[in-house]
Structures are given as C-alpha cells and as structure tokens.
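User: I'd like to go through the labels attached to this model and hear the reasoning behind each one. Could you take my questions in turn?

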Protein chains: 2
Amino acid sequence: MLPPYIIETAKVPSSDEEKIGPLFKKHVFSKGHFLIREGTICKTLFFIDTGLVRIYRTTDDGNEVTAFFMVEHSFVTAFDSFYKSTPTKYNFVLLEDSVIYSLQQSDLETMIDKSHALTKFIFHTTYELAARLTELLANVKFRTAEERYRNLLRDSPSIFQRVQLSYIASYLGITPETLSRMRAKK
Amino acid sequence: MLPPYIIETAKVPSSDEEKIGPLFKKHVFSKGHFLIREGTICKTLFFIDTGLVRIYRTTDDGNEVTAFFMVEHSFVTAFDSFYKSTPTKYNFVLLEDSVIYSLQQSDLETMIDKSHALTKFIFHTTYELAARLTELLANVKFRTAEERYRNLLRDSPSIFQRVQLSYIASYLGITPETLSRMRAKK
DNA sequence: TGCATTTCTTGATTTAGGTCAAGGATTCCT
DNA sequence: AGGAATCCTTGACCTAAATCAAGAAATGCA
C-alpha cells in the first residue's frame, strides 16, 4: 500500500494508486532495527512514514560517523549501493519505533511506467536531499562549530529531544566534549 | 539531440531516441559562461558533454565557496531551485570551453513518459551525486586537511591541471595558504 | 530499588590550520 | 614585449577545537 502522505503530497491519482499500491509493503519496526547494514547490497527504497533513521559509517580507526538523520516523510536508501549493486559503506538504524514502507528496486521500472506523479515526486525528494547535503557541506567547510550548532538548534530544535548528543556531535563534525561546552554557555 | 554518450551508457533504444531527442538542445559555450547564476530560478537540467563546471556560492561575508566541480558526462542543475522554483544560492560557471545539452523542466514529464531508460539513468546519476556528496561530507568532517588533499591528489589528479588552486582549496575546505604549504612538502 | 553501564560534563593541555602580511611568479592584455 | 592584475608561496603568529583524563549524571536492567 502507498502511504497516505505520499498520495496527498505527490498528488498521485487513484488510477495510479491501484496499479502501484501493491508494489509497496508496510512494515512496523522497533527502535534499534537496522534497515541497511554496511557491507550488504541494498536493493530496496524505503520511505519513513513515522520515525527517525540514523545513517552512519565506521571509519578506518573504528569510529562511528553520523552522516545524517532522516525523519518521517523521507525516502532513504543506500545511494552508494542501490543502482550500482555494490556493498554499501553505511548503516541505517532506527532511533525510534517506526513505520516504514519499502519498494524493491526490481519494481522501480514498473513504478516509473505506472505513475508519473510518483516518479516526479521521487526525483523531487532526491534533489532536495542533494540540496541539503550541499548545504551541510558548505556549513562544515566554512562555518565554525559554534555557528553550526546554533543553526541546528534554530532549524531543528526537536532533534535534540530525539537523538543522543554524541550522535549530534558527529553529525555536526565536532567532538562530544565541544558540543557539551557549547551547550553549557546558554 | 540526445548526446551520444547518454544513448550508449543509458542504452536508450532508438525508438525512444526519436521521441525525446527533440527535447534536448545542444550548446557550445566558452570558458567563463554562467549556466546558472545565484538569485535566479533554474528550470533547466544540463548535461555536460565535454568541459568542466565550477559550482560555488557566496557567503555572508562575501567569500566564494566552491561546493564542487562537475566534469564531462554529468547532469547538473540547481537542486535547490529546479523543483521548488525558488531562487538558487549557487553559481554554475564554466572553467573550460564546453559542450552542454539542456532539457527544460517543462519537458521532464514527456521525457519520463517516453523513455524509461533515460529516466532510470537520471535517477542513477542523481543517486551517484548524493553518494559523492555524502562521501565529501564524511571526509571534511573526519579527515585532516592533509588527508583530504592527498586523497584528491590520488583520486582526481587531473583536477590540479584543470582548476586554479584557490578553487581547489575552497573545495577541500581549507585556505589557499594551507594548500600551498601542503604542496610544498613533496 | 540499587547496581552497572553508558552518556555527558568540566578541566588542563596541545595542535592543526587560520589569519595577516609581504614577496614572487604567472597570466592577461594592448 | 612590458606593465598590470591576479594568483601562489612563505613566514610569524594566533585561536578554535581536539585530545586526554576524571568525575557526575542519566539510563537500563535484574
């Protein structure tokens, strides 16, 4: 079944809905569940209906680096794996109990065939992700740790309620100590 | 006309080619030409057939920050503008004389309709871009300036022949002085 | 409820890379 | 070819944030 949020937002006509609905599967997963594990090949496109996913990788020296967080109403997949069918470097783990929809890569062609509305919508969300990544990149390159922290606090205050600080630190590209110090001064 | 590289790589059947070929326009632009200027709304998807594009933005304090470079055989557009029809923050300028193809956003639907091969290919390249951005982000957050420089030198040595050093410095997220110093030691 | 584990904070010290400044080397233009 | 921009290099100094270390707080679990 197609998630109601997508039907509304992407304005998927009900004629499309009948045809592509069966391609989507609904899942309820608990906190701690891995959607994708590093080293595996990912052939699934996920849609987060409710919940929160942390995407991270492990560095050569064994540290975990949070690449980013994805919240409800986002598509996620391992970009470095999905099309190329190579093992991904990333882990996708749920930080909250979540409702997730999945679409298999093998059904993508059918989806493109049967619903332009959804195809355009996925294009759209992918470009938004690219825009977000580009923004993050500019931030981490040319803003101070303090500015990045203040901006996150301004733009996504709820993340501080939902995610432990060490993950946020590595998302910001700083150490937990530095984050702690910045929080201390008002 | 569809660029030959795409026809081959995306395996676009000649039946599709006839239908979507007319949607693409070929351009020859000189070094220094702006494909996209910040503040404008971008409704065009470009494909770089030959050449090199520098994508940069201007910070609050008036500095230019190179987000990244795109070389031949890449699709480029202002992700923060294309779908949302909001003014982009980025400039796309040619660093070499280039052959560029363009597709108007208004023709995207037709393209999706007429060629699944190309639609899939554009999905594919967009995910590759997202993978690249994610990689860059991890690099800039958790590798030293020196490591980032060495990696770039290893992975894309030709960029040093094609692009001036101050642009490469801001791509790496360092100052020109630091880049110069790193080049000096062997 | 109480113990153990994990997470967060605070302090002292170090360092990578930034800033400022001035001299060379290129490139561009007529 | 010669002068003017622009770009790159080198040096001296400084600062933001990392590292190392140890205690406090929160969370999980029997």
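**How the labels are earned**

Analyst: Happily! Every interface residue of chain B, 100% of them, is also an interface residue in chain A, so the copies meet through the same surface. Please keep in mind that this is a predicted model.

User: How do you know which residues of chain B are in contact with chain A?

Analyst: The test is whether C-beta atoms, placed from the backbone, lie within 7 Å. By that test 29 residues of chain B are in contact with 29 residues of chain A. Strand S5 (64–71), helix H3 (108–114) and helix H4 (116–142) of chain B each give two or more residues to this side. H4(B) has the largest share, with 17 residues.

User: What makes up that side of chain B by class?

Analyst: The side of chain B that touches chain A has 16 nonpolar, 7 polar and 6 charged residues.

User: Why are the two copies said to be related as by a two-fold rotation axis?

Analyst: In general, two copies of a chain are related by a rotation about an axis and a shift along it. Here chain B is superposed on chain A by a rotation of 180° with 0.0 Å of shift along the axis, at an RMSD of 0.0 Å. The two copies are therefore related as by a two-fold rotation axis.

User: What makes a residue count as near DNA strand C, and which are the closest?

Analyst: A residue is near the strand if its C-beta atom lies within 6 Å of it. For DNA strand C, 16 residues surround it, and the closest are Leu165(A), Ser180(A), Thr144(B), Ala145(B) and Thr178(B). At least two residues each come from helix H7 (165–172) and helix H8 (176–184) of chain A, and from helix H5 (145–155) and helix H8 (176–184) of chain B. H8(A) supplies the largest share, 6 residues. By class, this surface has 5 nonpolar, 6 polar and 5 charged residues.

User: And which residues are the closest to DNA strand D?

Analyst: There, 16 residues surround the strand, with Thr144(A), Ala145(A), Thr178(A), Leu165(B) and Ser180(B) as the closest. The elements giving two or more residues are helix H5 (145–155) and H8 of chain A, together with helix H7 (165–172) and H8 of chain B. H8(B) gives the most, with 6 residues. The surface near DNA strand D divides into 5 nonpolar, 6 polar and 5 charged residues.

User: Let's turn to the sheets. Why do S1 and S6 of chain A count as edges?

Analyst: The sheet is open and has 4 strands in the order S1-S8-S3-S6 (chain A), with antiparallel pairing. Strand S1 (24–29) and S6 of chain A each have a single partner strand, so one side of each is left without a neighbour in the sheet. Neighbouring strands are turned by 30° against each other on average, direction ignored.

User: How do you know that S3 and S8 of chain A pair?

Analyst: Pairing takes at least two bridges between the strands. Strand S3 (residues 44–50) and strand S8 (residues 98–104) of chain A run antiparallel and are joined by 6 bridges, so the pairing criterion is met. As one example, Thr44(A) has Gln104(A) of S8(A) as its bridge partner.

User: What order do the strands of the sheet with S2 and S5 of chain A follow?

Analyst: That open sheet of 4 strands has the order S2-S7-S4-S5 (chain A), with antiparallel pairing. Its edge strands, strand S2 (34–36) and S5 of chain A, each pair on one side only. Between strand S4 (residues 52–58) and strand S7 (residues 90–94) of chain A there are 5 bridges, and Val53(A) has Leu94(A) in S7(A) as its bridge partner.

User: Which elements of chain A does H4(B) touch?

Analyst: H4(B) packs on the sheet, touching S4 and S5 of chain A, and its direction makes about 135° with that of S5(A). H7(A) also lies across S4 and S5 of chain A, running at about 100° to S5(A).

User: Last one: why is Lys11(B) called exposed, and His73(A) partly exposed?

Analyst: A residue is exposed with 12 or fewer other C-beta atoms within 10 Å, buried with 20 or more, and partly exposed in between. Lys11(B) has 12 such neighbours, so Lys11(B) counts as exposed. His73(A) has 14 and is therefore partly exposed. Lys11(B) has a positive phi of about 50° although it is not a glycine, and His73(A), likewise not a glycine, has a positive phi of about 75°.

Methods:
Residues numbered from 1 in each chain as written. Chains lettered and ligands numbered in written order. Predicted model: local features only at pLDDT ≥ 70, side-chain atom pairs only at ≥ 80, totals over all residues. Contact = placed C-beta atoms within 7 Å. Nonpolar A, V, L, I, M, F, W, Y, C, P; charged D, E, K, R; others polar. Least-squares fit on C-alpha atoms with pLDDT ≥ 70 in both. Axes fitted to C-alpha atoms, helices over the stretch in contact; angles between N-to-C directions.
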